[in-house]
Amino acid sequence: MGLTQRLVRFAFSCPRPLLAVAPGGTACRLAVERELRALGGRQARNAAEADTLLVCGSAGTELSEALDLIWSQLPVPKARVAVTSPEHAHDALAEARARLHDIHAQRGLPVDKPPDTAMSMDMNMDMSGMDMEAMMMGPFGGLPVARRAADRDGLMLDQWQLRLGPVLPDWPAGLVLSVTTQGDVIQQAEVEVLAAAPGVTGPSFWHGVHGSAAGLDGAARLLSLAGLGSTAARARRLRDAIVDGQRPAGEMVRAVRGSRMLRWLLAGVGEYSGGDAWTRLLGLLDGAPRPDAGEVLAALPEVVTGLDLATARLAVASLDPDLDELLPVRSGVAGG
Amino acid sequence: MVESGPVWSAFLLPVVLAFLVAYASAVDSGSVLAPAREAVRQVLRQTRATVLPDTLLWRLGVGMPLVAAGLMLVVVPLGTWSVADNPVGVVWFNAADVLLWAAVWLAGWGANTHYGLVGGYRFLAQALAYELPLMFGLAAPALASGSLRIGAVVAAQHGLWFVVWQPVALLAYLFGVLGFSLWGPMSYPLGADIAGGVAVELAGPDRLVWQAGRYALLAAGAAFAVPLFLGGGAGPLLPAWLWSLVKTLAVLTALVWLRARVPTLRADRLAELAWLVLVPLTLLQLLAVGLVEIGVI
């Protein structure tokens, strides 16, 4: 075994996956998170950090396009695996690891390069004959120049178009939020729900499970976004214990309720129907009944407009819409 | 008591820094092999290329934290020797940490991505909050010892360490260290909600240099707290340099441990906390130190 092979085995002993959760892939995601915890690994926060693109569930067309783009942007060495059922999680991670160790295959992968920008410099020279519309489409590598619009104080600021989702850590699966931001303040938002792959049906995974497990899952995402990684990990362990059938005690609620700093940070964030992120977090941990996903999605643009990206993410995580509820249910099947 | 070392001691500096970085990384991931594993992993990976980045400024921004940490360590004594015990050591440290204002913003802006730019501006908002408490925190030991030279600050702690009667200054200083290392509660510019913020497009050797820079800043900040507040190399039994090292590692462990256990402070809340609570408290601390110096207390 050569030196490079030895080094690769040492360095990539545990894959660091970027999780892409397809609609209906909740069970697979839970299995993958469990496996990863057992291996002592952690998830990546973005494509640059990740060496594996791990798809949980079956991806539809839109999601597949997004995944292909992300796959081309992952730095080499990289592996791509799909987990279509929870039992395959362990094997999928082992397969990812084996692919990462396979130097010959990695050397054969195409290397991603940004588009050639040399041509764009010539367009700069002859601007006199162009109309305003054409000028909007770049001299900057073909990218459109940012448009300007009045912000909440009447200043003309640049506007950006951002898409939050579909592949984003600690984000509800299948949700895409197209936002127009000025700076990091959201001025407009539009909700899109990804179409599920054919054959993926409801009901949601959480239907057959004790109520507080779903809440703990959402709370873990919110806590992770708030920076409390260790508390989020505890919430996930508790969630897995409940899914397995145990009924652990509710000391998590007491621990979080006592955190005055967290309360100060979440108070007043994302006000919706009388509650804010803090009250919703306590509700999630308690296993309180959650509002209907359709209602939440309809109200989401209004909740999020005017918030900056950080508070918007916290608001969405605290609302925690379960988009699997919107999946069509196969008729004649009892309890999925 | 603290003297400048010979010229060759400058070559020891990267060794000490590498050791501290490896220690911090090992404590952070809970495994001794983790630093080596992460280093090899990043060296073997491909770097990212984005559309129309400002490559020079981007790479400059990514590399500067490590350089700033090295500059900070130049004035920190290990026992009774430091690489250069210059007459304005305290201000030298502050100047090195101000370099980060440029570094982090350039690292975020240079990549030409949304999240990077948002992260860069988040850092500026955060830096406006922690910088004044940090400066007042640094001023207190200087005021108490009547000199900006680190050797004089260490000598003035013969008998009573500054941490005992200037705890607010130490807290404000550690707050500043967390702030410029983008660590724990102050990791807002690197937030998971913006997919890593400033670090969103860093992969391969870039990422290694950036991560090492963050650990190095934590280590340099922890190391600087020792001569400033914890009596330098003073202590029974063990030689001075070993005491310095032990104290540094203790402070560093405490700082690293904070990472996933304290919620991340968003800039708007952080500004409230810093300007309404910390700045008045540090000013009161300076007043107390001043009164002690002129003999009123």
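A residue is called buried here when its relative accessible area is under 20%. The model is predicted, and the tour begins with a strand to which that cut-off applies.

**Stop 1: strand β8 of chain A**

Select residues 175-182 of chain A, which form β8(A). This strand is mostly covered, for eight of its eight residues are buried. Colouring alternate side chains shows that both faces are covered. On one side lie A:Leu175, A:Leu177, A:Val179 and A:Thr181, and on the other A:Val176, A:Ser178, A:Thr180 and A:Gln182.

Next, add the neighbouring strands. Strand β7(A), residues 156-164, runs antiparallel to β8(A) and is joined to β8(A) by five bridges. One pair to display is A:Gln161 with its bridge partner in β8(A), A:Thr180. Strand β9(A), residues 185-193, is also antiparallel to β8(A), with eight bridges between the two. Here A:Leu175 has A:Val193 of β9(A) as its bridge partner. The hairpin of β8(A) and β9(A) has two residues between the strands, and A:Gly183 takes a positive phi near 70° there.

Before leaving, follow the loop between β7(A) and β8(A) to A:Pro166. The peptide bond from A:Gly165 to A:Pro166 is cis, with omega near -5°.

**Stop 2: helix α13 of chain A**

Select residues 293-304 of chain A, helix α13(A). What span should its twelve residues have at 1.5 Å a residue? The expected value is 16 Å, and the end C-alpha atoms are 16 Å apart, which agrees.

The buried residues of this helix are A:Ala293, A:Val296, A:Leu297, A:Ala299, A:Leu300, A:Val303 and A:Val304. They pack against β8(A) and β9(A) from the previous stop, and against α14(A), residues 309-319. Just after α13(A), A:Gly306 takes a positive phi of about 95°.

Continue to the segment after α14(A), where A:Asp320 lies. This residue is not a glycine, yet its phi is positive, near 45°. A:Asp320 counts as buried because its relative accessibility is 5%.

**Stop 3: the parallel sheet of chain A**

Now select β1(A), β2(A) and β3(A). These three strands form an open sheet in the order β1-β2-β3, with parallel pairing. The edge strands are β1(A), residues 17-21, and β3(A), residues 79-83, each of which pairs on one side only. From one strand to the next, the twist averages 20°.

Five bridges connect β1(A) with β2(A), residues 52-56, in the parallel sense. Within β2(A), A:Cys56 stands opposite A:Val21.

Two helices should be added to the view. Helix α2(A), residues 26-39, lies across β1, β2 and β3 of chain A and runs at about 165° to β1(A). Helix α4(A), residues 89-101, packs on the sheet and touches β2(A) and β3(A); its direction makes about 170° with that of β3(A).

In the loop between α3(A), residues 61-73, and β3(A), find A:Pro77. A cis peptide bond joins A:Val76 to A:Pro77, with omega about 0°.

**Stop 4: the largest cavity**

Cavities of 30 Å³ or more number five. The largest holds about 360 Å³ of space. Which residues of its lining are closest to its centre? Of the 30 lining residues, these are A:Val21, A:Arg29, A:Trp171, A:Ala173 and A:Arg221. Elements that each supply at least two lining residues include β1(A), α2(A) and α8(A), residues 211-225. The largest share, four residues, comes from β1(A).

**Stop 5: helix α5 of chain B**

Move to chain B and select residues 114-145, helix α5(B), in which B:Gln126 lies. B:Gln126 counts as buried because its relative accessibility is 0%. Leaving aside residues up to four places away in sequence, B:Gln126 touches B:Gly179, B:Leu182, B:Met186, B:Tyr188, B:Pro189 and B:Leu270. B:Met186 is 60 residues from B:Gln126 along the chain, while their C-alpha atoms are separated by 7.7 Å.

From that list, select B:Leu182, which lies in the loop between α8(B), residues 167-181, and α9(B), residues 205-229. B:Leu182 has a positive phi of about 55°, although it is not a glycine. Its relative accessible area is 2%, so B:Leu182 is buried.

**Last view: chain A as a whole**

Zoom out to chain A, which has 14 helices and nine strands. Of its 336 residues, 50% are buried. Among contacts in chain A with a separation of 6 or more, 64% are between residues 24 or more positions apart.

How values were computed:
Residues numbered from 1 in each chain as written. Chains lettered and ligands numbered in written order. Predicted model: local features only at pLDDT ≥ 70, side-chain atom pairs only at ≥ 80, totals over all residues. Heavy atoms only, no water. Expected span 1.5 Å × (residues − 1). Buried < 20%, exposed > 50% of the residue type's maximum accessible area, 1.4 Å probe, protein only. Contact = heavy atoms within 4.5 Å. Pairing = 2+ DSSP bridges. Axes fitted to C-alpha atoms, helices over the stretch in contact; angles between N-to-C directions. 1 Å grid on protein atoms, 1.4 Å probe; cavity = no way out; pocket = protein on both sides within 12 Å on 5 of 7 lines; lining within 4 Å. Points joined across faces, edges and corners; volume = space filled by probe spheres on them.
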